[in-house]
Amino acid sequence: MTAVASGGVLATGAEASAVHRILERCRVARPRVVAIDGPSGSGKSTLADALVRAWPGAAPELVRLDDVYPGWHGLESAGASLAHGLVARRARGAVGEWRRWDWAAGRVASVERIRPGRVLIIEGCGAFAAVAHVEAVDVWVEASPHVRQRRALARDAGAFDPYWEMWERQWRRYVARFAPALRADVRVRVADDDRG
């Protein structure tokens, strides 16, 4: 399934279409976990927020990988950490946990715990690695490099700028090893615009 958003963002109509397709897939698959993966700046957070708002019944638990990465070198380790500490434990019916990273202090800020029961949404670069060993609905969000970089660098007021290339290298290694786009149950593509 593919939904296309225009203008470099998930526009209201395209967002609603993407959310509808994800919810339809979830209605059929009845997953306990939904993973939203894709490169930086592609629109994953926007889509995750819309999905939580539209979810029928009890709202899902949402874990953003931006809160889990242990610093700028942590793309790969965050997925592995969630797979073991959160996803696998909840799949066994136990309380799952994950470590919230304090970016300003450069250390773990707290240990968060999530009881089993509600659907879990994991959103961020590397999310499919966190759910590789459980039944999940995998949502892939993509956009052109131009759109992605413009959006990613604009949202962090310059904090991401010095790390863009380093993060992209980690991202490319993850893609080469894991081929996440091929795992997707639902694909969302943000279309380019002409406004630069």
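# Exercises on a predicted model

In this predicted model, Ala143 has Val190 of S8 opposite it. The exercises start from this pair and go on to a helix, a pocket, two phenylalanines, a hairpin and positive phi angles.

## Exercise 1. Strand S7 and its partners

Task: State which strands pair with S7, how many bridges each pairing has, and in which sense the strands run.

Solution.

Step 1. Begin with the pair Ala143 and Val190, the latter in S8. S7 and S8 are joined by five bridges and run parallel. S7 spans 137–143 and S8 spans 186–190.

Step 2. Look for a second partner. S2, residues 33–37, is linked to S7 by four bridges, again in the parallel sense. A residue pair that can be located here is Val34 with Val137 of S7 opposite it.

Step 3. Check the accessibility of S7. The cut-off needed is that buried means under 20% relative accessible area. Six of the seven residues of S7 are buried, so the strand is mostly covered.

## Exercise 2. The two sides of helix H5

Task: Determine which residues of H5 are buried, how they are placed around the axis, and what they pack against.

Solution.

Step 1. List the buried residues of H5: Val147, Arg148, Arg151 and Ala152.

Step 2. Place them around the helix. Their arc around the axis is only 115°, and therefore they are on the same side of H5.

Step 3. Turn to the opposite face. Pro145 and Ala154 are the exposed residues carried by the face of H5 turned away from the buried side.

Step 4. Identify the packing partners. The buried residues of H5 pack against two helices, H2 and H6 (164–178), and against two strands, S7 and S8.

Step 5. Inspect what comes after the helix. Ala157 follows H5 and has a positive phi, near 50°.

## Exercise 3. The largest pocket

Task: Describe the largest pocket by its volume, its lining residues and the elements that supply them.

Solution.

Step 1. Take the volume, which is about 390 Å³.

Step 2. Go to the lining. The largest pocket is lined by 19 residues, of which Ser40, Asp66, Arg155, Asp156 and Phe160 are the closest to its centre.

Step 3. Assign residues to elements. H2 (44–54) and H5 (145–155) are the elements that contribute two or more residues to this lining. H2 contributes the most, namely three residues.

Step 4. Sort the lining by class: seven residues are nonpolar, six are polar and six are charged.

## Exercise 4. Two buried phenylalanines

Task: For Phe128 and Phe160, give the location, the relative accessible area and the contacts beyond sequence neighbours.

Solution.

Step 1. Locate Phe160 in the loop between H5 and H6. Its relative accessible area is 3%, so Phe160 counts as buried.

Step 2. List the contacts of Phe160. Leaving out residues up to four places away in sequence, Phe160 touches Ser40, Trp72, Ala152, Leu153, Arg155 and Trp167.

Step 3. Locate Phe128 in H4, residues 127–130. With a relative accessible area of 0%, Phe128 is buried as well.

Step 4. List the contacts of Phe128. Apart from neighbours within four places in sequence, they include Ala35, Asp37, Asp138, Val139 and Trp140, and also Tyr174, Phe178, Pro180, Arg183 and Ala184.

Step 5. Use Ala179 as a reference point. The C-alpha of Phe128 is 9.7 Å from that of Ala179, with 51 residues of sequence separation. For Phe160 and Ala179, 19 residues apart along the chain, the C-alpha separation is 25 Å.

## Exercise 5. A hairpin and positive phi angles

Task: Describe the hairpin of S4 and S5, then find residues other than glycine with positive phi and say whether they are buried, partly exposed or exposed.

Solution.

Step 1. Describe the pairing. S4 (residues 96–102) and S5 (residues 107–114) run antiparallel and share seven bridges. Glu97 has Arg113 of S5 opposite it.

Step 2. Describe the turn. Four residues lie between the two strands of the hairpin, and Gly106 in the turn has a positive phi of about 70°.

Step 3. Go to Arg30, whose phi is positive and near 50°. Arg30 sits in the loop between H1 (12–29) and S2. Its relative accessibility is 69%, so Arg30 counts as exposed.

Step 4. Go to Ala179, whose phi is positive and near 45°. Ala179 belongs to the loop between H6 and S8. At 30% relative accessibility, Ala179 is classed as partly exposed.

Technical notes: Residues are numbered from 1 along each chain as its sequence is written. This is a predicted model: local features need pLDDT of at least 70, side-chain atom pairs count only at pLDDT 80 or more; totals for chains, interfaces and linings use all residues. Side-chain values use heavy atoms; hydrogens and water are left out. On a 1 Å grid over the protein atoms alone, a cavity is a set of points where a 1.4 Å probe fits but cannot get out, and a pocket is an open set with protein on both sides within 12 Å along at least five of seven lines; lining residues have an atom within 4 Å of a point. Grid points are joined across faces, edges and corners, and a volume is the space filled by probe spheres set on the points. Ala, Val, Leu, Ile, Met, Phe, Trp, Tyr, Cys and Pro count as nonpolar, Asp, Glu, Lys and Arg as charged, and the others, Gly among them, as polar. Buried means under 20% relative accessible area, exposed over 50%, partly exposed in between (1.4 Å probe, protein chains only). The arc is that of the directions from the helix axis to the C-beta atoms. Contact means heavy atoms within 4.5 Å. Two strands pair if DSSP finds at least two bridges between them.
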